[in-house]
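Visitor: Before we go through this structure, I would like to ask on what grounds its parts are described as they are. Please show it to me, and then let us take the descriptions one by one.

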Amino acid sequence: MDTANIAAEPYPFEFKPDKCALLIIDMQRDFLEPGGFGEMLGNDVSQLRRTIEPNKRLLDAWRAAGLQVMHTREGHRPDLSDLPPAKKVRGKSEKTIGDEGPMGRILIRGEAGHDIIPELYPLPDEPVIDKPGKGAFFATDLQAILQNRGIQQLVVTGVTTEVCVNTTVREANDRGYECLVPEDCVGSYFPIFQEMGLNMIKAQGGIFGWVTTSGEIIAAVG
Ligand code: C5J
C-alpha cells in the first residue's frame, strides 16, 4: 500500500502503511463492561464504551487492508510477583488488584475481567502484549516485536486516554516511533482528561504525536 497523508493535528501525518501497526490499548472487560472493576470504583463506563464502535470500524478496515495489529492488556501474574506493593495499595479502595472482583480476580491474567472485550477480540495471529504497567513498553517484549517487524509508526487507540494511552505514546515517542491517535477511538472516564490528554499529545508542534479521527485513517487504508 502506498504512503498517504492523513489529515491530523497539528499537521498532516505521513502514513507509511507497511511500517505502521495498530496498537489497541487495554480494551479489557474490567475497564469497559458494566459490572466490571472500573464501574465498581464509581466510574461512568459509557465514557469508554463510546470508543467500541469506532475501534471496531477501524480494526475491520485495518485487518481488511492486511496491516499489522497488536493488542495490550494491563494485568499481573496470579501470584502477584510482578505487582509493585505501591500499586497494590494505591487508591486505598476496599478491593484492589488481585482481590476477588465482579469478573474474577481484579487485573489478573487469565481472569474474565482481564480479557479483551468480545467486540475487539484479537485474532490468533495478532500479538497480545501483557503489561504490568501503564506504558506498553515497560517490562514487555513490545519493542522487540515492533523492531523485528520493521514498524516505525503506531496508530494508538484504547483506554484510558490520559493514563495508558498517553504513557504508551510518550514511551513510543522517546523510542523514535511516530504516533497517530484517533480521538474517537480513545476514551477517558473523565471528559476533561479526554480533552487535555489529546491536547498534550498534539501541543507544541506535535510534541508526542498527532491526533486525527478514525474516519480519516479508514479513508487512507480503505
Ligand atoms: C489504563 C488505568 N488502561 N487507567 N489503566 O489506562 O489504570
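Guide: Let us begin with a helix and its surroundings: the buried residues of α7 are covered by elements that include β3, β4 (68–74), β8, β9, β10 and α8. Please keep in mind that this is a predicted model.

Visitor: Which residues of α7 are the buried ones?

Guide: They are Thr 161, Glu 162, Cys 164, Val 165, Asn 166, Thr 168, Val 169, Glu 171 and Ala 172. As for its length, α7 has 14 residues and reaches 18 Å from its first C-alpha to its last, which is close to the 20 Å expected at 1.5 Å a residue. Just after α7, Gly 176 takes a positive phi of about 95°.

Visitor: How do you know that the span of helix α8 agrees with its number of residues?

Guide: Helix α8 runs over residues 191–206, and its 16 residues should span 22 Å at 1.5 Å a residue; because the C-alpha atoms at its ends are 21 Å apart, the two values agree. The helix nevertheless bends by about 35° at Asn 199.

Visitor: Which residues of α8 are buried, and what covers them?

Guide: Gln 194, Gly 197, Leu 198, Ile 201 and Lys 202 are buried in α8, and their cover includes α7 (161–174), β9 (178–182), β10 (186–187) and β11 (210–212). As background to such a pattern, an α-helix has 3.6 residues a turn, so residues three or four places apart point the same way.

Visitor: Why does Lys 202 count as buried?

Guide: A residue is called buried if 20 or more other C-beta atoms lie within 10 Å of its own, and Lys 202 has 20 C-beta neighbours inside 10 Å, so it counts as buried. Leaving aside neighbours within four places in sequence, Lys 202 is in contact with Glu 9, Pro 10, Trp 210 and Val 211. Lys 202 and Tyr 11 are 191 residues apart along the chain, while their C-alpha atoms are separated by 9.2 Å.

Visitor: What is the geometry of the peptide bond from Glu 9 to Pro 10?

Guide: The bond from Glu 9 to Pro 10 is cis, with omega near 10°, and Pro 10 is found in the loop between β1 (4–6) and β2 (13–15). A cis peptide bond also joins Val 159 and Thr 160, where omega is about -15°; Thr 160 lies in the loop between β8 and α7.

Visitor: What makes strand β8 largely enclosed by the rest of the structure?

Guide: Strand β8 comprises residues 153–159, and 7 of its 7 residues are buried, so the strand is largely enclosed by the rest of the structure. Gln 153, Val 155, Thr 157 and Val 159 point one way from β8, Leu 154, Val 156 and Gly 158 point the other way, and all are buried.

Visitor: Which strands pair with β8, and in what sense?

Guide: Strand β3 (residues 20–25) pairs with β8 in the parallel sense over 6 bridges, and Ile 24 stands opposite Thr 157 in β8. The pairing of β8 with β9 is also parallel, over 3 bridges, and there Glu 178 in β9 is the bridge partner of Gln 153.

Visitor: Which residues surround the ligand?

Guide: The ligand is surrounded by Asp 26, Glu 74, Val 159, Thr 160, Val 163 and Cys 164. Sorted by class, this shell has 3 nonpolar, 1 polar and 2 charged residues.

Visitor: Why is Asp 26 called buried, whereas Lys 92 is called exposed?

Guide: Asp 26 has 26 other C-beta atoms within 10 Å, which meets the cut-off of 20 or more, so Asp 26 is buried. Lys 92 has 6, and because the limit for an exposed residue is 12 or fewer, Lys 92 is exposed. Asp 26 lies in the loop between β3 and α1 (29–32) and has a positive phi of about 50° although it is not a glycine. Lys 92 lies in the loop between α5 (85–89) and β5 (100–101), and its phi, near 50°, is likewise a positive value in a residue other than glycine.

Visitor: Why is Arg 49 called partly exposed?

Guide: Arg 49 has 17 other C-beta atoms within 10 Å, a value between 12 and 20, so Arg 49 is partly exposed. Arg 49 lies in helix α3 (residues 46–49), and its C-alpha atom is 7.8 Å from that of Glu 33, although 16 residues separate the two in sequence.

Key
Residues are numbered from 1 along each chain as its sequence is written. This is a predicted model: local features need pLDDT of at least 70, side-chain atom pairs count only at pLDDT 80 or more; totals for chains, interfaces and linings use all residues. Helices (H or I, at least four residues) and strands (E, at least two) are DSSP runs, numbered from the N terminus. The expected span of a helix is 1.5 Å times one less than its number of residues. The bend at a residue is the angle between axes fitted to the seven residues ending there and the seven starting there. Two residues are in contact if their C-beta atoms, placed from the backbone, lie within 7 Å. A residue is near a molecule or strand if its C-beta atom, placed from the backbone, lies within 6 Å of it. Ala, Val, Leu, Ile, Met, Phe, Trp, Tyr, Cys and Pro count as nonpolar, Asp, Glu, Lys and Arg as charged, and the others, Gly among them, as polar. Two strands pair if DSSP finds at least two bridges between them.
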